[in-house]
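Thank you all for coming; I would like to walk you through one structure this morning, taking the annotated positions before the wider arrangement. Please have a look at it on the screen before I go on.

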2 protein chains.
Amino acid sequence: MKRIKCIVAYDGTHFQGYQVQPNKRTVQGEIEQVLAKMHKNQQVKIYASGRTDANVHAKGQVFHFDSSIFMGEDRWVMALNALLPEDIVILHAQYVANDFHARFSNHGKEYRYRILRKKERDPFLRNYTYHYPFPLNLEKMKQAMKILEGTHDFTSFCSAKTSVTDHIRTIESFTLIETAEELVFQIRGNGFLYNMVRIIVGTMLEVGAGKLQPENIPAILEGRDRSLAGKTVPGHGLYLWKVFY
Amino acid sequence: MKRIKCIVAYDGTHFQGYQVQPNKRTVQGEIEQVLAKMHKNQQVKIYASGRTDANVHAKGQVFHFDSSIFMGEDRWVMALNALLPEDIVILHAQYVANDFHARFSNHGKEYRYRILRKKERDPFLRNYTYHYPFPLNLEKMKQAMKILEGTHDFTSFCSAKTSVTDHIRTIESFTLIETAEELVFQIRGNGFLYNMVRIIVGTMLEVGAGKLQPENIPAILEGRDRSLAGKTVPGHGLYLWKVFY
């Protein structure tokens, strides 16, 4: 058996998230179905860097699996893409050591969140950005973003539904990319809690709108209470951009 | 009754074309439904610059209608957008003279056709570009494009299904926009026959691939026979970009 690491992109619009669920269309489900087809209907389980929620996109999700089939790395890309649906594409395949694990070997991730700033909604971007046409104070937002960088207990920025108990994470960088029509949050860290990016972005929008002040952020962190932070923004603006190994 | 001219953009992915058809989701059908709602369930017919086919997009389609409701132009934009589905957006509304007609008053249109040149398909662009990763000789294509400019009988570049009998049209300009990952055909003319842009683009790709030579184009035009030209490329790469008045 050889272990293969794949980089995969997917349009999350028509998936009920990454992780397999009975009777639901999921990214993992589609990929495992293709791998089973390639392995004489034997189940081949894939292991990703982590889950993504319904409607969340990936530009560079990573997963691994073990296979007894041997073929060149480029062949794996072609064979998988030939069978996968149009909203999933394998960008890269690579043989890795048998102790490589997509989830446990990664030492960080980058997410991006796209906000559409145009006055009218854009039919072409409705599934790919969050439309927020209201005024935002970018300077205040950048001050608040600076405060979130570093190592903190992110309990206030984590869905109460989580089962994880250690809520201490490090945000290595948190920046804004400003384009003509969009504002893109770029966030890198060593790990992210459930809904953490979407709650952080929602909180930054409340700072931008003047409902919260940058000075409130330290107390929100210290309060360790989800209800102190802002709303969770929709999944369709979020991209798992890159996983670092 | 006042006449209102609207500029509308739509993502054609989930429409079976522009024109109303029974039991099918169409752009005209959705807009007329919203207008009926605004007019106490009275039917309000809209007149567009022309039809677009299933999966074809519009960045600047134009239609007009007559209404007894009076409100400011910006209010029309807001009211319509509040009721329209997410894949249609009104970009502009304007009161016009009662002899304005979206179809008969226009003196030309611009279409664009997007070709994705990346090696792997892109899940995010699957409905918005035509993926063509094979080699293309752009110089030969540009020579062929030059020959198509001007006034010609475009019978060979028109679906045999058309009912129109006059096939003489003028292409005012036909150019290529080259970006990092795409090749975009930009074509302006005084009028377009059924499937004309898609057949022209399909023929240009055959020139780029070396299956046809630029020198063959005059004979294809003169032959007035659809079977002489190239294949019709898919609708999802096509955009009605602008209508000129």
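Let me begin with A:Asp53, which, leaving aside residues up to four places away in sequence, touches A:Gly17, A:Tyr194, A:Asn195 and A:Arg198. I should say at once that this is a predicted model, and that every contact I describe is computed from it. As for where the residue lies, A:Asp53 is in the loop that runs between strands β2 (47-48) and β3 (57-67) of chain A. The reason for starting there is the record: an unreviewed UniProt entry carries the annotation "active site", and that annotation covers A:Asp53. Its relative accessibility is 23%, so A:Asp53 counts as partly exposed, given that the buried class ends at 20%.

The second annotated position is A:Tyr111, where UniProt, again in an unreviewed entry, places the feature "binding site". Is A:Tyr111 buried or exposed? With a relative accessibility of 8%, A:Tyr111 counts as buried, and it is found in strand β5, residues 108-116 of chain A. When residues up to four places away in sequence are not counted, A:Tyr111 touches a list of residues that includes A:Phe185, A:Gln186 and A:Ile187, together with A:Phe192 and A:Val197, and also A:Leu238, A:Tyr239, A:Leu240 and A:Trp241.

Turning to chain B, I would point you to helix α4, residues 196-208, which has 13 residues and reaches 18 Å from its first C-alpha to its last, close to the 18 Å expected at 1.5 Å a residue. Of those 13 residues, 13 are buried, and α4(B) is therefore largely enclosed by the rest of the structure. Just after α4(B) comes B:Gly210, which takes a positive phi of about 85 degrees.

Now to the cysteines. How many disulfides does a search of the whole structure find? Over all chains, the search finds zero. Two cysteines may be worth a glance while we are here: A:Cys6 is buried, with a relative accessible area of 0%, and B:Cys158 is likewise buried, at 2%.

Finally, the relation between the chains. Chain B is superposed on chain A by a rotation of 180 degrees with 0.0 Å of shift along the axis, and the RMSD is 0.0 Å. The two copies are thus related as by a two-fold rotation axis. The same surface serves both copies, in that 100% of the contact residues of chain B recur in chain A.

Terms used: Residues are numbered from 1 along each chain as its sequence is written. Chains are lettered from A and ligands numbered from 1 in the order in which they are written. This is a predicted model: local features need pLDDT of at least 70, side-chain atom pairs count only at pLDDT 80 or more; totals for chains, interfaces and linings use all residues. Side-chain values use heavy atoms; hydrogens and water are left out. A disulfide is a pair of cysteine sulfur atoms within 2.5 Å. Buried means under 20% relative accessible area, exposed over 50%, partly exposed in between (1.4 Å probe, protein chains only). Copies are superposed by least squares on the C-alpha atoms of residues with pLDDT of at least 70 in both. Contact means heavy atoms within 4.5 Å. Helices (H or I, at least four residues) and strands (E, at least two) are DSSP runs, numbered from the N terminus. The expected span of a helix is 1.5 Å times one less than its number of residues. UniProt positions are given in the numbering used here, feature names are shortened, and annotations may be inferred rather than shown by experiment.
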